[in-house]
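Welcome, and please open your viewer. This short tour suggests what to select at each stop and tells you what is there.

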Amino acid sequence: MSLHTQYLESFLRSQFYMLRMDGPLPLPYRHYIAIMKLVKTGENNWSLPELVHAVVLLAHYHALASFVFGSGINPERDPEISNGFRLISVNNFCVCDLANDNNIENASLSGSNFGIVDSLSELEALMERMKRLQEDREDEEASQEEMSTRFEKEKKESLFVVSGDTFHSFPHSDFEDDMIITSDVSRYIEDPGFGYEDFARRGEEHLPTFRAQDYTWENHGFSLVNRLYSDIGHLLDEKFRMVYNLTYNTMATHEDVDTTMLRRALFNYVHCMFGIRYDDYDYGEVNQLLERSLKVYIKTVTCYPERTTKRMYDSYWRQFKHSEKVHVNLLLMEARMQAELLYALRAITRHLT
């Protein structure tokens, strides 16, 4: 995160407030929730402020897991090392080198898996699609009916995106040769089957949709959180806005690039996977901007972070710097957190009314 110092400051402020500052939950409970998801097995007589504090902590650490695994920070087991673990390397760089972002863009070109020409043409093709979409936007806007149809199509297709070691349930995948390595977290788990599930079953005709306009973070979630857990709403809102608007106007070797369209596609695709729809967004852009290998990476990092592999990380946007891919992971993390908060806070609001 130190590659993006503005965001890091915002992240640390909110995390410190959740764990250390005054709040409804006692300090030990906060750490238990972070490690063991205490809410699932805890007492039934929680106050609403305690419940909101717990929900914020859960959403924070669920999302943080996506960033940790997606950025290659997770240690993998290695029998040749005395303590049994080694740090994941990305493009033959140790994570300690990655923090400096030294020549990462060149490392991805030197590997035997990908060629320079393919990486360059991939980048140019993406920039051309961005340009074409911008021109199409200016020429003619899609109707509400068309945008709704495109969302439903993208939402349904997201259920079939391969993720991690679920590939054996689907047709041949580019990632079938990966060895999936998962962390040993069994000591913290009471129910091994408890985990992420798609918001709808494959094959269902009418998939549920959470219309963002009916319950938004800005108009509903923010005020509820701030009312029941003072000031955390401001910190979270600052963090969401920071990552959504963060840009250096670069794409790999190109400068002075408006990346707004790309950042919005990443954020909205995560919400789409959770069935959240923005009426004013054309989801046709998602299909144009996010290639299949990136969608596989996004679903794995967002929904099954422990299944993320180095090969998935390497497979998308091969010309981009490591710092830019870290930026992607920050967007995915915050989109994941906001999606979880929207569902939880909407449920609490309904309970209150």
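Contact, on this tour, means heavy atoms within 4.5 Å. Keep in mind too that you are looking at a predicted model.

**Stop 1: helix 8 and helix 11**

Select residues 144-158, which form helix 8, and then residues 260-273, which form helix 11. Which residues meet here? From helix 8 come Phe151, Glu154, Lys155 and Ser158, and from helix 11 come Tyr269, Cys272 and Met273. Sorted by character, this contact holds four nonpolar residues, one polar and two charged. The two axes lie 9 Å apart, at an angle of about 70 degrees. Angles of 65 to 115 degrees count as roughly perpendicular, so that is how helix 8 and helix 11 are placed to each other. Their crossing is right-handed.

**Stop 2: two residues of helix 11**

Stay with helix 11 and pick His271. Is His271 buried or exposed? Its relative accessible area is 0%, so His271 is buried. Beyond its neighbours within four places in sequence, His271 touches Ile276, Tyr278, Ala335, Gln338, Ala339 and Leu342. Now click on Cys272, one of the residues that helix 11 brings to helix 8. Cys272 is buried as well, also with a relative accessible area of 0%.

**Stop 3: cysteines**

Next, select Cys303, which is buried at 8% relative accessibility. While cysteines are on your screen, how many disulfides are there? A disulfide is a covalent bond between the sulfur atoms of two cysteines. With a cut-off of 2.5 Å between sulfur atoms, the count is zero.

**Stop 4: helix 1 and helix 10**

Move to residues 5-20, helix 1, and add residues 232-245, helix 10. Two packed helices are described by the angle between their axes and the distance between the axes. For this pair the angle is about 155 degrees and the distance 9 Å. Angles over 145 degrees count as roughly antiparallel, so helix 1 and helix 10 fall into that group. Helix 1 crosses helix 10 in a left-handed way. To see the contact, show the side chains of Gln6, Tyr7, Ser10, Phe11, Arg13, Ser14, Tyr17 and Met18 in helix 1, together with Ile232, Leu235, Leu236, Glu238, Lys239, Met242 and Val243 in helix 10. Nine of these residues are nonpolar, three polar and three charged.

**Stop 5: helix 1 and helix 15**

Keep helix 1 selected and add helix 15, residues 322-352. Here the axes are 13 Å apart and the angle is about 35 degrees. This crossing is left-handed. Helix 1 contributes Tyr7, Phe11 and Met18, while helix 15 contributes Leu330, Met333, Glu334 and Met337. Six of the residues in this contact are nonpolar, none is polar and one is charged.

**Stop 6: two residues in loops**

Most residues other than glycine have a negative phi, and most peptide bonds are trans. Select Asp256, in the loop between strand 7 (254-255) and helix 11: its phi is positive, at about 55 degrees, although it is not a glycine. Asp256 is exposed, with a relative accessible area of 74%.

Finish at Trp317, in the loop between helix 14 (310-315) and helix 15. The phi of Trp317 is also positive, near 45 degrees. What is the relative accessible area of Trp317? The value is 4%, and Trp317 counts as buried.

Note on methods:
Residues numbered from 1 in each chain as written. Predicted model: local features only at pLDDT ≥ 70, side-chain atom pairs only at ≥ 80, totals over all residues. Heavy atoms only, no water. Axes fitted to C-alpha atoms, helices over the stretch in contact; angles between N-to-C directions. Helix = DSSP H or I, 4+ residues; strand = E, 2+ residues; numbered from the N terminus. Left-handed = near helix turned anticlockwise from the far one by under 90°. Nonpolar A, V, L, I, M, F, W, Y, C, P; charged D, E, K, R; others polar. Buried < 20%, exposed > 50% of the residue type's maximum accessible area, 1.4 Å probe, protein only. Parallel < 35°, antiparallel > 145°, perpendicular 65-115°, else oblique.
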